[in-house]
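Let's take a walk through this model, starting from a single buried side chain and working outwards to the sheet and the loops.

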Amino acid sequence: MKEINSLKVEPVSLSEEPIDTTFTITNKETGEVISNADVTIDGTTKTTDSNGEVTFSISQGETNIELSKDGYGSQTKTRIISSEQVSIQFEDNIERVTSA
């Protein structure tokens with residue numbers, strides 16, 4: 001335990017045991033779930049279901065997540081995995097035109 005400005009801080013220990021983690025992929029602009037997106041973690045690629053979800057068994061800690069889908073291109077996100085549910089917003093590469 002470390003004391004910082006009279007505040008006691010205990011380090012958090014993340015388990016090295018893999019946990020089943022469900023990722024929900026949504027469109028950052030609209031909030032809609034994205035089905036049939038490829039999600040790659042540590043060389044393993046899986047495809048999101050109709051709810052925009054995909055499950056991986058991974059160790060807790062910092063993880064690079066690659067996302068790809070037509071209309072969105074390919075993106076890499078870094079997340080700290082510490083629970084069984086993770087949400088990721090996918091930015092589309094569609095140019096939006098608004099009318100006056």
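Phe 23 has a relative accessibility of 0%, so it counts as buried (under 20% relative accessible area; exposed is over 50%, partly exposed in between, with a 1.4 Å probe and protein chains only). Before going further, some ground rules: this is a predicted model, where local features need pLDDT of at least 70, side-chain atom pairs count only at pLDDT 80 or more, and totals for chains, interfaces and linings use all residues. Residues are numbered from 1 along each chain as its sequence is written, and side-chain values use heavy atoms, with hydrogens and water left out.

**The aromatic pair**

There is one aromatic pair in the structure (ring centres within 6.5 Å, taking the six-membered ring for Trp). Its members are Phe 23 and Phe 56, with ring centres 6.1 Å apart and planes at 80 degrees, so the pair is edge-to-face (planes over 60 degrees apart; under 30 would be stacked, the rest tilted). Phe 23 belongs to strand β3 (residues 19-27) and Phe 56 to strand β6 (residues 53-58), so the pair ties together parts that are 33 residues apart in sequence. Strands here are DSSP runs of E with at least two residues, numbered from the N terminus. Phe 56 is buried too, at a relative accessible area of 3%. Its ring has another visitor: the charged end of Lys 46 sits over the ring of Phe 56, 4.9 Å from its centre (the rule asks for NZ of Lys or CZ of Arg within 6 Å of the centre and within 35 degrees of the ring normal).

**The sheet around it**

What is the order of the strands in the open sheet? Three strands form it as β6-β3-β9, with mixed pairing (two strands pair if DSSP finds at least two bridges between them). β6 and β9 (85-90) stand at the edges with a single partner strand each, so one side of each has no neighbour in the sheet. On average, neighbouring strands of this sheet are turned by 30 degrees against each other, direction ignored (axes are lines fitted to C-alpha atoms, and angles between N-to-C directions run from 0 to 180 degrees).

β3 pairs with β6 in the antiparallel sense over six bridges, and Thr 21 stands opposite Phe 56 in β6. With β9, β3 runs parallel, joined by six bridges; Thr 26 has Gln 89 in β9 as its bridge partner. Eight of the nine residues of β3 are buried, so this strand is largely enclosed by the rest of the structure.

Thr 22 also lies in β3, and is buried with a relative accessible area of 15%. Its side chain makes a polar contact of 2.9 Å with that of Thr 55 (N or O atoms within 3.5 Å, one able to donate a hydrogen and the other to accept it; residues adjacent in sequence count only if both atoms are side-chain atoms). Leaving aside neighbours within four places in sequence, the contacts of Thr 22 (heavy atoms within 4.5 Å) include Glu 53, Val 54, Glu 84 and Val 86.

**Two loop residues with positive phi**

Most residues other than glycine have a negative phi. Here are two that go the other way:

| Residue | Phi | Loop | Relative accessibility |
|---|---|---|---|
| Asn 36 | near 60 degrees | between β3 and β4 (38-41) | 53%, exposed |
| Asp 42 | about 50 degrees | between β4 and β5 (44-47) | 72%, exposed |

Definitions and conventions
Helices (H or I, at least four residues) and strands (E, at least two) are DSSP runs, numbered from the N terminus.
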